[in-house]
Amino acid sequence: MKAFIYSSEFEKYPYPAYVPFKTQRAGRTRSILQNMGSLTGGDRLEAVPQPAARERIETFHTPEYVDALIEAGTGRITSDLLYMGLGTPDCPVFPGLYEYASLAAGATLLGAELILSGQADIAFNPSGGFHHAHRSAAGGFCYINDIVIACLALTAAGKRVGYLDLDVHHCDGVQEAFYDRSDVLCISLHESGETLFPGTGFIGECGVGKGEGYTVNVPLPVETYDEIYMEAVNRVVYPLLQSYDPDILVVELGADVLAGDPLAHLRLTNNVYPPIIEGLLGLGKPILATGGGGYNVENTVRAWALCWMSLCGEKPEHDMSVGMGGVMLESLEWAGGLRDRLLAVDEHRTMHVPAVVHAAIEAVKEKVFPFHSL
Ligand SMILES: [Zn+2]
C-alpha cells in the first residue's frame, strides 16, 4: 500500500505569518490530489498521525531541549531559549509550536512504522522533513528532527537506511546524528554552503570512525539546472545506493531546489522528480518520503503532488491535470498541469555550472566511493 500521511490538526498551528515556512502546503497538496482522484483508492490509503511521544523525541533530542521546546510552545521567549536557537527570526516561539512539531515527528514515525509492519511500501509525510533540527538546538524553521527520529526507529529495528536529501539546504541535523554510524548512509545534494544556509555540507565532510564514507555531500553551484543535476544523481546517488543496498530508503523532498524559490538559487524544474523517483523505485526498497523546504508555495504544492503520483508509480502521461489544470489545481496559474514548463538554459548565467558540478562529482567519487568498493 501507499500511505499519504496527513492530519487536519496541522492546520491549527501555523507558524507566524512573517515566517516563509508555510505549514498549509501539506493540506493543499492533499486537496489537489483528492481533486485529481490520486489520493486514495486502489492500493492507496490515508493515514492520520498522532504526536510523537516525548520518549520517542528524546531518542535524538536532549531532555533539556525538549523542556525548552515545551516552554517555547507557550509563546514566551526567555533568555534560556535563545541559546538553543529558539526565539530567532528563523525559529520563532509561538503558541502550538510543540504540538505542531511533535505531530510532524509523529507523522514521519507513523510512516516508518507502516513500512516496518509491512502495511505500506511507500509512505509520504508532506508535513515532515525538519532536517536542520539539532540534538539540542533549533535551526532553519526546524524544531524536532522527525527524519532522525524515524531513522532511529528503523535502525533500532535492525534496518539499514539509505537517506537521500534533495532539499536545497544541507541536512546538517541529520548529518550530525549519523556522522559516526554506517547503518544510515546519508547523501545530500544541495546548494553549496558557500552561498546558502546552513553553511555546511562540503565534500570533505564524509563521516568519522565507523561512519567514514557514509556521509556524502554534493554541493552545487548557484544556477544548477535539471540536466546537470540529474547527472549528479545518476553518477553519485544510484551507484552508492546500489552498492549500500539498504533495507529502506528515506527521502527528503524539499522543493526549494526549484527555480523561483525566494530563499535559494538553484534553477531546477519539477521535471526532475519523476525520473529520480522512478530510479529510487527501481532499487526495489520501501520508501519513506517527507516534505521539507519550499518557499514558493504554489510550486512546492505542485511538486509534491507530482512526487506522490510518481511514488505511486503513475506515469507522466497520466497527468490528467493537463488541460484541466486550472480547475483541478484550484489555480489559474497552473493551467499547464502539475509539471513545470522546461526552462531554457541561459548560457551567460549557467556557463560555469557544468565544470563546477563535474568537479564535485569527481571529488565525491574519489573521497567516498572507495568505502563502497566502487
Ligand atoms: Zn531547504
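This tour moves through a predicted model, from the zinc site to an aromatic cluster, a covered helix and a set of salt bridges.

**The zinc site**

Select the zinc ion and display the side chains around it. Its coordinating residues are Asp 167 through OD, His 169 through ND1 and Asp 256 through OD, at distances of 1.9 to 2.1 Å. Along the sequence these donors follow the spacing D-x1-H-x86-D. His 169 and Asp 256 bring together distant parts of the chain, 87 residues apart: His 169 belongs to the loop between strand 4 (161–165) and helix 7 (172–178), while Asp 256 belongs to the loop between strand 7 (248–252) and helix 9 (273–281). Both His 169 and Asp 256 are buried.

Next, select Val 257, which is placed in the loop between strand 7 and helix 9. Is Val 257 buried or exposed? Its relative accessibility is 1%, so Val 257 counts as buried. Add Leu 166 to the selection: the C-alpha atoms of Val 257 and Leu 166 are separated by 7.7 Å, although the two residues are 91 residues apart along the chain.

**Aromatic side chains**

Now display the aromatic rings. Across the whole structure, a search finds 15 aromatic pairs. One of them joins Tyr 15 and Tyr 100 in an edge-to-face arrangement, with 5.6 Å from centre to centre and 85° between the planes. This pair also links distant parts of the chain, 85 residues apart, with Tyr 15 in the loop between strand 1 (2–5) and helix 1 (25–35) and Tyr 100 in helix 5 (residues 97–116). Tyr 15 and Tyr 100 are both buried.

Extend the selection to the aromatic cluster that contains these two rings. One cluster is formed by Tyr 6, Phe 10, Tyr 15, Phe 21, Phe 94, Tyr 100, Phe 130, Phe 141, Tyr 143 and Tyr 295. At Phe 21, a member of this cluster, show Arg 25 as well: Arg 25 lies over the face of the Phe 21 ring, at 4.5 Å from the ring centre. A further arrangement of this kind is found by selecting Arg 160 and Tyr 244, where Arg 160 lies over the ring face at 4.0 Å from the ring centre.

**Helix 6 and Asp 146**

Select helix 6, residues 146–156. How many of its 11 residues are buried? The count is 10, and the helix is mostly covered. Among the buried residues are Ile 147, Val 148, Ile 149, Leu 152 and Leu 154, together with Asp 146.

Centre the view on Asp 146. This residue is buried yet has no salt bridge, and the nearest side chain of opposite charge, that of Arg 25, is 10 Å away. The side chain of Asp 146 does make a polar contact with the side chain of Thr 108, at 2.7 Å. Then move just past helix 6 to Gly 158, which takes a positive phi of about 85°.

**Salt bridges between distant segments**

Finally, display the charged side chains. The whole structure contains 15 salt bridges according to the search. Begin with Glu 113 and Arg 56, whose closest N and O atoms are 3.5 Å apart. Glu 113 is in helix 5 and Arg 56 is in helix 2 (residues 54–57), so that distant parts of the chain, 57 residues apart, are linked. Glu 113 is partly exposed, with a relative accessible area of 37%, and Arg 56 is likewise partly exposed, with 29%.

Proceed to Arg 349 and Glu 223, which meet in a salt bridge of 3.2 Å, N to O. Arg 349 lies in helix 12 (residues 347–350) and Glu 223 in the loop between strand 6 (215–220) and helix 8 (226–244); the pair therefore ties together parts that are 126 residues apart in sequence. Arg 349 counts as partly exposed at 40% relative accessibility, whereas Glu 223 counts as buried at 14%.

Select Arg 235 and Glu 362 next; their side chains form a salt bridge of 2.4 Å, N to O. Because Arg 235 lies in helix 8 and Glu 362 in helix 13 (residues 353–368), this pair ties together parts that are 127 residues apart in sequence. Arg 235 is partly exposed at 26% relative accessibility, and Glu 362 is partly exposed with a relative accessible area of 40%. The last selection is Asp 43, Arg 44 and Glu 314, which are joined into one network by salt bridges that share partners.

Methods
Residues numbered from 1 in each chain as written. Predicted model: local features only at pLDDT ≥ 70, side-chain atom pairs only at ≥ 80, totals over all residues. Heavy atoms only, no water. Donors = N, O, S within 2.8 Å, 3.2 Å for Na, K, Ca; no water. Helix = DSSP H or I, 4+ residues; strand = E, 2+ residues; numbered from the N terminus. Buried < 20%, exposed > 50% of the residue type's maximum accessible area, 1.4 Å probe, protein only. Phe/Tyr/Trp six-rings, centres within 6.5 Å; stacked < 30°, edge-to-face > 60°. Lys NZ or Arg CZ within 6 Å of the ring centre and 35° of its normal. Lys, Arg positive; Asp, Glu negative; His and termini not counted. Salt bridge = Lys/Arg side-chain N within 4 Å of Asp/Glu carboxyl O. Polar contact = N/O pair within 3.5 Å; in protein donor to acceptor, adjacent residues only side chain to side chain.
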